[in-house]
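Good morning, colleagues. My topic today is the pairing of charged side chains, and I would ask you to keep the structure in view as I speak.

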Amino acid sequence: MGLLERCQELFKTSNLYEVLGIKKEAAEAEIRRSYYKVSLKVHPDRAPEDPLATEKFQVLGKLYAVLNDKEQRAIYDEQGVVDEESDILSQDRCWEEYWRLLFPKITVEDILAFEKKYKGSDEERDDVIQLYVQHQGDMDAIMASAMCCSQEDEPRLCSIIQAAIDRGDVEAFSAFARESEKKKKARRKRADRERQEAEEMQKEMGLGNQDDSLVMMLQQRQKSREQNFNSFLSDLEAKYSKKSGKAKRGKK
């Protein structure tokens, strides 16, 4: 069975772009990031409850290999077919090794360095505006999804959004412009509770230095907001990933 047929069977669509949740015009970086996020959901180590996880993971590797190859992507875009005899699909490749070469693990130092560079950058501003539009001004969802963000950052993020509204760049959603004080207070209370739980965990684990505290904070965030934590790490790892050569051949 060919790649497109396997995509239809496992992901309910034979469109390679739809499997990744992106448009046909997507840039290379967007394809890479989307591949990481989708493959993370079915990684054999992270989805032990899914009996098809390994197969899905392998199919996603092949899908990305096609879209990451300019010639193969051009053929697919123009003809809607995949060359199953091409080297990138016919060779006996270990797709997990291929994935790890594309997305090496990040370190605590990477996180700290990225946060310092990211906060206040044009990239952060664009990301916040994108979240604002995506969630139609819902600050609960925006705060839960924003990278390198804590409750203390909310006024700064609101300023970014308000400036974009004042410039006419985005619509003034009522969920943002007319958010009730009750909802704001509930969000602050929830953040305070999470902070307190994190501090208690830090004491229980005997953590003290900055690196240990950061790891503890990330673990606590994973506990309380697992989906957004995984999204944060997905974005961060994708940003830090360096282009690598092809993985060595090996058994599937």
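Arginine 125 is partly exposed, at 35% relative accessibility. Its salt-bridge partner is aspartate 126, and the closest N and O atoms of this pair are 3.7 Å apart. Aspartate 126 likewise counts as partly exposed, with a relative accessibility of 46%. Please bear in mind that this is a predicted model.

In general, side chains of opposite charge can pair when their charged atoms come close. How many salt bridges does the structure hold? The count is 16.

Let me turn to arginine 6, which forms a salt bridge with glutamate 55. In this model, the closest N and O atoms of the two residues are 1.4 Å apart. What does this pair tie together? Arginine 6 belongs to helix H1, residues 3-11, whereas glutamate 55 belongs to helix H4, residues 53-67, so the salt bridge ties together parts that are 49 residues apart in sequence. Are these two residues buried or partly exposed? Arginine 6 has a relative accessibility of 13% and therefore counts as buried. Glutamate 55, by contrast, is partly exposed, at 28% relative accessible area.

Helix H4, residues 53-67, brings me to lysine 56. Lysine 56 forms a salt bridge with aspartate 50, with 3.0 Å between the closest N and O atoms. At 16% relative accessibility, lysine 56 is buried, because the cut-off for that class is under 20%.

Finally, I draw your attention to a network of salt bridges. Asp140, Glu154, Glu179, Arg187 and Arg190 are linked in it.

How values were computed:
Residues are numbered from 1 along each chain as its sequence is written. This is a predicted model: local features need pLDDT of at least 70, side-chain atom pairs count only at pLDDT 80 or more; totals for chains, interfaces and linings use all residues. Side-chain values use heavy atoms; hydrogens and water are left out. A salt bridge is a side-chain nitrogen of Lys or Arg within 4 Å of a carboxyl oxygen of Asp or Glu. Helices (H or I, at least four residues) and strands (E, at least two) are DSSP runs, numbered from the N terminus. Buried means under 20% relative accessible area, exposed over 50%, partly exposed in between (1.4 Å probe, protein chains only).
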